[in-house]
Amino acid sequence: MARDLFHNIVRSALEKDGWMITNDPLNLRCGGVDIQIDLGAERLLAAQKGGEKIAVEIKNFVSASKISEFHMALGQFINYRTALRTEDPNRILYLAVPLAIYNDFFNLQFTQTVVRENQLKLIIYNVDTEEIVQWIN
């Protein structure tokens with residue numbers, strides 16, 4: 001499976017934000033289907049004995065059809081979230097989206113409605129600074 005264009009940028013941004021990359025990629029097998037999510041990460045929290053665990057699917061939205069890429073990303077997100085609920089229920093799934101795409105395409109009313117209705121969790125990252133700009137739960 002080919003890595004997304006911004007894979008290493010998101011990995012670096014997560015590490016800068018205090019996350020330890022535990023899986024690159026995160027491989028799961030659920031109901032007879034092999035699933036590969038771009039990254040798995042963990043962050044230990046001082047207030048807890050355990051830590052936070054996330055899975056991150058990275059999207060770049062560089063094709064001419066943003067809606068087609070969004071459609072594919074949404075389908076992957078729903079499938080991956082279902083697999084995680086079964087195989088790794090303590091891990092939270094996020095969709096990583098470039099800041100420019102978030103400011104443009106993800107601010108459209110339609111996109112916001114779909115994100116809200118499907119309860120997508122987003123990581124907004126800056127391609128140039130390799131930093132996470134915003135977490136949207």
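**Notebook: aromatic contacts and backbone geometry**

I looked first for aromatic clustering and found that F61, F70, Y102, F105 and F106 form one aromatic cluster. I note that the model is predicted.

I then asked how many aromatic pairs the structure holds. The count came to 9 aromatic pairs.

From these I examined F70 and F106. Their ring centres lie 5.5 Å apart and their planes stand at 90°; this angle is over 60 degrees, so I recorded the pair as edge-to-face. I placed F70 in helix 2, residues 66-87, and F106 in the loop that runs between helix 3 (99-104) and helix 4 (109-117). The pair therefore ties together parts that are 36 residues apart in sequence. I checked the accessibility of both residues and entered F70 and F106 as buried.

Next I turned to Y94 and W135. I recorded an edge-to-face aromatic pair here too, with 5.0 Å from centre to centre and 85° between the planes. Y94 belongs to strand 6 (residues 91-98) and W135 to strand 8 (residues 131-136), so this contact ties together parts that are 41 residues apart in sequence.

Are Y94 and W135 buried or partly exposed? Y94 has a relative accessible area of 6%, and I entered it as buried because this is under 20%. W135, at 27% relative accessibility, counts as partly exposed.

I returned to F61, a member of the aromatic cluster, to look at its backbone. Its phi is near 55°, a positive value in a residue other than glycine. I located F61 in the loop between strand 5 (51-58) and helix 2. The relative accessibility of F61 is 2%, so I listed this residue as buried.

Which further residue did I note with a positive phi near 55°? It was E130, likewise a residue other than glycine. E130 sits in the loop between strand 7 (122-126) and strand 8. At 29% relative accessibility I classed E130 as partly exposed, because the value falls between the 20% and 50% limits.

My last entry concerns the peptide bonds. I found a cis peptide bond joining D24 and P25, with omega at about 10°. I traced P25 to the loop between strand 1 (20-23) and strand 2 (26-30).

Notes:
Residues numbered from 1 in each chain as written. Predicted model: local features only at pLDDT ≥ 70, side-chain atom pairs only at ≥ 80, totals over all residues. Heavy atoms only, no water. Phe/Tyr/Trp six-rings, centres within 6.5 Å; stacked < 30°, edge-to-face > 60°. Helix = DSSP H or I, 4+ residues; strand = E, 2+ residues; numbered from the N terminus. Buried < 20%, exposed > 50% of the residue type's maximum accessible area, 1.4 Å probe, protein only.
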